[in-house]
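Hi,

Here is the structure I said I would pass on to you. Have a look at it first, then read my notes underneath.

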Amino acid sequence: MVLLAQIVGALYGLLAVIFGAFGAHALKKLLSEEQLKSFETGVKYQMYHALVLLVVGFNFNMDVAFQQYMVYCFVIGTFLFSFSIYALVISSAKGKKLRFLGPITPLGGLLLVCGWGLLLYSFINNLI
């Protein structure tokens, strides 16, 4: 589980840099200002959670279930949140908005909130 957090964290970081550059250069001509901001939101959240996964991967043993759930929440939540935004923005720019992805974004956000809650729980648990 530690290795999963580290590998996915590094992968998400790598892809965030690539997608950020892609959005800033290639998509700048295709997207409206609002669409570009949405795309950038996906990139920012992906990078934030890439860093969180790396920190968690290097600082936790994942020997208790809630720490493993935390990693799953960050991995799956980031994928659902950021990648649904990318797909919605790009499909909208091409005139074929994939509306079924609309509910996926908040579900990803909810998983991210759960991951942060589990991280907070971990810290509080260490105090007790």
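Below is what turned up, going through the helix packing, then the aromatic rings, then one loop residue.

Before anything else, please keep in mind that this is a predicted model.

**How the helices pack**

Two packed helices are described by the angle between their axes and the distance between the axes. Let's start with α1, which covers residues 2-25, and α3, which covers residues 65-93. Their axes are 10 Å apart and the packing angle is about 20°. Angles under 35 degrees count as roughly parallel, so α1 and α3 are roughly parallel to each other. The crossing of these two helices, α1 and α3, is left-handed.

Which residues make that contact? From α1 there are Leu-4, Ala-5, Val-8, Tyr-12, Leu-15 and Phe-19. They meet Val-71, Tyr-72, Phe-74, Val-75, Thr-78, Phe-79, Phe-83 and Tyr-86 in α3. Sorted by class, the contact of α1 with α3 has 13 nonpolar residues, 1 polar residue and no charged ones.

Now for α1 and α2. Here the axes are 8 Å apart, and the angle is about 155°. Angles over 145 degrees count as roughly antiparallel, and that makes α1 roughly antiparallel to α2. This crossing, of α1 past α2, is left-handed too. The residues in the contact of α1 with α2 divide into 18 nonpolar, 7 polar and no charged.

**The aromatic rings**

Searching the whole structure gives 11 aromatic pairs. One of them is Phe-39 with Tyr-86, a tilted pair with 4.9 Å from centre to centre and 45° between the planes. This pair links distant parts of the chain: Phe-39 sits in helix α2 (residues 33-59) and Tyr-86 in helix α3, 47 residues apart. Are these two residues buried or exposed? Both Phe-39 and Tyr-86 are buried.

If you want to follow the rings further, Phe-39 and Tyr-86 also belong to a cluster. Ring pairs link them there with Tyr-12, Phe-19, Phe-79 and Phe-83. You have already met Tyr-12 and Phe-19 on the α1 side of the contact with α3, and Phe-79, Phe-83 and Tyr-86 on the α3 side.

**A residue in the loop**

Last stop: Ser-32, in the loop between α1 and α2. Its relative accessible area is 36%, so Ser-32 is partly exposed. Ser-32 and Leu-98 are 66 residues apart in sequence, and from C-alpha to C-alpha they are 17 Å apart in space.

Happy browsing!

Note on methods:
Residues numbered from 1 in each chain as written. Predicted model: local features only at pLDDT ≥ 70, side-chain atom pairs only at ≥ 80, totals over all residues. Heavy atoms only, no water. Axes fitted to C-alpha atoms, helices over the stretch in contact; angles between N-to-C directions. Helix = DSSP H or I, 4+ residues; strand = E, 2+ residues; numbered from the N terminus. Parallel < 35°, antiparallel > 145°, perpendicular 65-115°, else oblique. Left-handed = near helix turned anticlockwise from the far one by under 90°. Contact = heavy atoms within 4.5 Å. Nonpolar A, V, L, I, M, F, W, Y, C, P; charged D, E, K, R; others polar. Phe/Tyr/Trp six-rings, centres within 6.5 Å; stacked < 30°, edge-to-face > 60°. Buried < 20%, exposed > 50% of the residue type's maximum accessible area, 1.4 Å probe, protein only.
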